[in-house]
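Open your viewer, keep the sequence panel beside it, and follow along. Each stop tells you what to select and what you will find there.

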Amino acid sequence: MSLHDLRPTLAQMSGEDNYKRAPVMPLNEVRLNGQTGKYIYTNILSGRKAIVDGKEEYEKHDLGVSVHLVFLKIRRKLSYFQRDSSNMMVTNEHNVADDYVSLFGAMDVEKGLAKQLRFLHPELRTQQIVYCMLPDSGEIVRLTVKGSSLGSDAKPEERLSFYEYIQSFDHRGIQGTEEHFYEFITQLGVGEETGKLGPYKTVDFVRGRKLTPEEMQKVEQAMTSVFAFCKATDEYYANPNNKLISSPDEMNEQVVAAEDDEIAPKDIPF
């Protein structure tokens with residue numbers, strides 16, 4: 001390598017890299033409304049909004065009580081939202097609790113390991129963000145899983161929580177044949193549990209049929225796209241030189257949207 005190769009690029013010399021915004025992958029979203037027990041498709045990409053109960057919301061479609069998806073990649077974030085208040089906190093998406101993340105809130109941005117920030121802010125709750133593909137259209141969407149759908153003492157033993165469902169796949173081939181969640185249709189249904197605040201709806205996870213080779217080609221393309229985005233996002237937040245904006249509007253909007261559709265009983269330990 002010559003000295004010429006070690007010279008900084010014009011972009012590096014300009015300093016503009018230090019002021020780049022975090023990578024964005026605009027996607028429509030699917031989530032369970034914990035009050036109605038219906039799955040809701042939020043059409044963010046259309047950009048169309050309507051006034052609902054005095055609030056501006058993206059166009060939404062009722063998908064009913066069952067949805068078929070293919071799980072592509074699992075991420076997580078920590079968040080806290082208090083209704084009728086501007087008090088909210090949310091981290092960037094990351095992979096595991098040992099990841100170094102940024103926590104956005106009313107105060108300055110805090111940085112640290114996700115598990116350390118949760119210890120410092122016990123009001124934070126885990127949300128699993130699942131990048132999924134709609135098998136019929138091939139569209140990539142985000143699915144948010146939270147609360148008792150992640151795990152709950154009130155869950156009937158025969159029903160799988162999110163973590164139990166993911167762990168039900170023998171991805172190491174211990175039983176003789178490897179199997180991965182991205183090779184199967186995942187059917188999301190609706191379960192009901194009862195807590196201190198009364199009954200509420202949770203996500204029911206059921207393994208569907210195995211995908212065909214043709215379908216797996218679409219899955220591979222979608223996974224490659226999602227992986228590249230997540231890798232770029234992780235690199236962005238790992239760079240200490242990036243100037244992070246406290247309480248970015250798009251993050252706050254995600255937290256509010258995620259909480260508005262949920263019962264969010266306080267006795268659920270997530």
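Start with the whole chain: among contacts with a separation of 6 or more (a contact means heavy atoms within 4.5 Å), 59% involve residues 24 or more positions apart. This is a predicted model, in which local features need pLDDT of at least 70, side-chain atom pairs count only at pLDDT 80 or more, and totals for chains, interfaces and linings use all residues. Residues are numbered from 1 along each chain as its sequence is written, and side-chain values use heavy atoms, with hydrogens and water left out.

Now switch to the cartoon view. You can look for five helices and twelve strands; these are DSSP runs numbered from the N terminus, with helices being H or I of at least four residues and strands E of at least two. Of the 270 residues, 43% count as buried, where buried means under 20% relative accessible area, exposed over 50%, and partly exposed in between (1.4 Å probe, protein chains only).

Turn on the surface. The chain exposes about 15100 Å², and carbon and sulfur atoms supply 52% of that area. Accessible areas here come from the Shrake-Rupley method with a 1.4 Å probe, and for residues only the protein chains shown count as cover.

**Stop 1: the aromatic rings**

The whole structure holds twelve aromatic pairs. Rings of Phe, Tyr and Trp (its six-membered ring) pair if their centres lie within 6.5 Å; planes under 30 degrees apart count as stacked, over 60 as edge-to-face, and the rest as tilted. Select Phe162 and Phe205: this pair is edge-to-face, with 5.7 Å centre to centre and 65° between the planes. Phe162 sits in helix 3 (residues 162-167) and Phe205 in strand 12 (residues 198-210), so the pair links parts of the chain 43 residues apart. Both Phe162 and Phe205 are buried.

Next, select Phe169 and Phe181. Their ring centres are 6.5 Å apart and their planes lie at 80°, so this pair is edge-to-face. Both Phe169 and Phe181 belong to the loop between helix 3 and strand 11 (184-195), twelve residues apart. Phe169 is buried at 4% relative accessibility, and Phe181 is buried at 17%.

To see the wider group, select Phe71, Phe162, Tyr163, Tyr165, Phe169, Phe181, Tyr182, Phe184 and Phe205, which form one aromatic cluster.

Which rings have Arg207 over them? Add its side chain to the view: Arg207 lies over the face of Phe169, 3.9 Å from the ring centre, and its charged end also sits over the ring of Phe184, 5.1 Å from the centre. A charge sits over a ring if NZ of Lys or CZ of Arg is within 6 Å of the ring centre and within 35 degrees of the ring normal.

**Stop 2: strand 6 and its partners**

In a regular strand the side chains alternate between the two faces of the sheet. Select strand 6 (residues 88-91): Met88 and Val90 are on one side, Met89 and Thr91 on the other, and all are buried.

Strand 6 pairs with strand 5 (residues 67-81) in the antiparallel sense over three bridges; two strands pair if DSSP finds at least two bridges between them. Ser79 stands opposite Val90. Strand 6 also pairs with strand 7 (residues 100-104), antiparallel over two bridges, and Leu103 is the bridge partner of Thr91 there.

**Stop 3: Val101**

Stay in strand 7 and select Val101. Val101 is buried, at 1% relative accessible area. Not counting residues up to four places away in sequence, Val101 touches several residues, including Thr91, His94 and Leu117.
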